[in-house]
Amino acid sequence: MRWIVGLVLSLVAACFAMSGLLSERASPAYAQSASCPVVDPAVDITGIDPASINNAAAATITIDGHAGSFQDGATVVLGSYSALPSAFISDAQITVMIPAGIPGSIAGTVYNVTVINPGGACNVSPEDLTVYGPNPTAAPAATATHVPTTAPTAFIRPLVSVLSYGASSTVLYPGQNIDFELTLQNTGPIVAKNVIVEFSGNDLLPRDTGGLRAPGDIAAGGTVRFFQPMRVDSGLGGYEAVITIKISYTDEYGAKYSDSSTLSFNAGQYAAATATLSLSPQLILSSYQTTPAVLSPGTVFRLDLNLANVSGKAAHQITVDLGTGSSGSGSSTASASSAPVAPQNSSDLRYIEEMQPGQQERLSFDLAVSGDAASELANLDLAISYIDDSNEQHSQTETISLRIETQALLLIHFYNELPDLLTVGDIIELPIEVINIGENDLNVSIIEVTSDQMTITGGRVYFGPLSGGTSGTVIAEAQLSQAGPATITVAVNYLDDFQQPQVITEEMILEIEAKDMTPESRGTGTGSGAASVGAPGTDFGGLTLWQRILRMILGFFGIGTQSMSGGGGVMPGGNFDRGAVTPQFSEGGTP
């Protein structure tokens, strides 16, 4: 009977053992999967080969995917085991070396396979990796609880340090989410209890856990490995990321220990944006001109503007405002210009529906210069407004300048009548008066009296400044050398308001008769030639000698006309006759 009971008990024990073995094979253990921060469908993994390995020796597996799935430098994470570097074959295939000793089991330990590209994009393989290996040897049953009776010496203590660390990306970039893998080891002879790991630093910021992990106790000579989600600081600069970890623990007797380690990672920077051609239209004023070219107070002129689109984009609904203050509610950026001009016959606003890239448009404005304008470079601000293809508003201001010159207004004439009969051989005086009939002072320099048909002496003199409404006289001497029309040219040289030399000329024509050689004319001595030379007390050019002396005295004191006593000198480099300039007095320019 006993042997029957023993047989039954043996059969029952065998059944239980077989049931446990089958259960172990039917339900393989899954390792913890590595975190995949950003699941990117572009990382399209189709499978792995082989799908199972033995941990007795190192093995290489191949991970396949569609074209464009993988990048050089991709990292492969096996569950919670470790982040392993890959060998880049192509953008559709990579390989990874699995080290010997990776945890496995008889039933097979299953690892999720995650591929993370350098940029952070990742995905998990639809096919897992199964690792087979011998079952771990069971620890012997404890026969008694060891209770230390005395505290160990100072030389006997647990010592926890970093065995290895890594990241799910070989290069860290600002703002990237990663998984930080850390393996701790206890190199001391006794157990390290209540191990706490604290993460700190500015380059890597803990996610999910608040930066504090408690992996528990670590036996003497033992290790513990875990993953900590991290985010790379968005303001990371340079090419290194640093994190500090503080490891706190106690021994069996409650003594506290603390150690710190600083870990570094390779970091990178995103490529700077490449400069591209402007995506917005750009209008410029290529040239402009006025007709007539010289503008003076009261001038009515036409202003032509040449506008060009120099960009690669079209501009729409273009308005150009001269800003003379007459366009009402035109461009919001326009302001009234200080230039003394005003539009004529139309407003100062122009509209163009569209300008394609490279297109040019010519705009014309009819304007008038104010009658009281002074000599100046008058600025006109052109407000240009338009929209682009995205309906975005653009505005700009172009400045042009108009040169306005006040013209000298002079009256040049003989202030006394010449003899009615002029004959060849006569020597006569040319009493020339120059009157400034304008309002502004005129900086007169040289007056030249010339003629091709007669010989002029004393005809080049320095005149001096001439105020508005005043006059000055020049008396040149002419010898009549040929019969016929004789042209006298009077050139008044002056400096304008821009300090540029200018000249005003006036031509006067005299009729010269041939000399009468009859005896009667030779005997009388009263011909035109004799009268032209004159004698003291006789009529000379309409004035007696005493009248001329009186005029000189009054002119010397500045009575009735501008005094010319200061202007009768010789300019450097010139040939002037001091006695050729006679101050005159007049009322309104009439002697």
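# Salt bridges, strands and cores in a predicted model

Q: How many salt bridges does the structure hold?
A: The structure, which is a predicted model, holds six salt bridges.

Q: Take Arg-157, which residue does it form a salt bridge with?
A: Arg-157 pairs with Asp-259, and the closest N and O atoms of the two are 3.9 Å apart. Arg-157 lies in the loop between β12 (129-132) and β13 (160-167), while Asp-259 belongs to strand β20 (residues 256-266), so the salt bridge ties together parts that are 102 residues apart in sequence.

Q: And is Asp-259 buried or partly exposed?
A: Asp-259 has a relative accessible area of 23%, and because buried means under 20%, Asp-259 counts as partly exposed. Its partner Arg-157 is also partly exposed, at 25% relative accessibility.

Q: What about Asp-217, which side chain does it meet?
A: The side chain of Asp-217 meets that of Lys-193 in a salt bridge, with 3.3 Å from N to O. This pair links distant parts of the chain, as Asp-217 sits in strand β17 (residues 212-218) and Lys-193 in strand β15 (residues 192-200), 24 residues apart. Asp-217 is partly exposed at 45% relative accessibility, and Lys-193 is partly exposed at 27%.

Q: Where do Asp-366 and Arg-302 lie?
A: Their side chains form a salt bridge with an N to O distance of 3.0 Å. Asp-366 is in strand β26 (residues 360-369) and Arg-302 in strand β22 (residues 300-309), so this salt bridge ties together parts that are 64 residues apart in sequence. Both residues count as partly exposed, Asp-366 at 24% relative accessibility and Arg-302 at 40%.

Q: Changing topic, how many helices and strands does the chain have?
A: The protein chain has four helices and 36 strands. Among its contacts with a separation of 6 or more, 68% come from residues 24 or more positions apart.

Q: Which strands does β35 pair with, say β31 for a start?
A: Strand β31 (residues 442-451) runs antiparallel to strand β35 (residues 484-495), and seven bridges join them, with Thr-450 standing opposite Thr-489 in β35. Strand β36 (residues 501-512) is also antiparallel to β35, and here twelve bridges join the two; Ala-486 stands opposite Leu-510 in β36.

Q: What does Gln-499 do in the hairpin of β35 and β36?
A: That hairpin has five residues between the strands, and Gln-499 takes a positive phi near 60°.

Q: OK, on to packing: which residues touch the most other members of the largest nonpolar core?
A: Leu-430 and Ile-447 do, in a core of 29 residues. The elements that give two or more residues to this core are β29 (410-414), β30 (427-436), β31, β33 (460-466), β34 (471-480), β35 and β36, and β35 gives the most, with five residues.

Q: What is Ile-447 in contact with, leaving aside neighbours within four places in sequence?
A: The contacts of Ile-447 include Val-434, Phe-463, Val-474, Val-490 and Val-492, and also Gly-459 and Arg-460.

Q: What other core lies apart from the largest one?
A: There is another core of 28 residues, among them Ile-352, Val-369, Ala-373 and Ile-400.

Q: Last one, how much of the chain counts as buried?
A: Of the 591 residues of the protein chain, 40% count as buried. The accessible surface of the protein chain comes to about 30900 Å², and 54% of that belongs to carbon and sulfur atoms.

Technical notes: Residues numbered from 1 in each chain as written. Predicted model: local features only at pLDDT ≥ 70, side-chain atom pairs only at ≥ 80, totals over all residues. Heavy atoms only, no water. Buried < 20%, exposed > 50% of the residue type's maximum accessible area, 1.4 Å probe, protein only. Contact = heavy atoms within 4.5 Å. Areas by Shrake-Rupley, 256 points an atom, 1.4 Å probe, with all protein chains shown as cover. Salt bridge = Lys/Arg side-chain N within 4 Å of Asp/Glu carboxyl O. Pairing = 2+ DSSP bridges. Core = buried A, V, L, I, M, F, W, Y, C linked by side-chain atoms within 4.5 Å.
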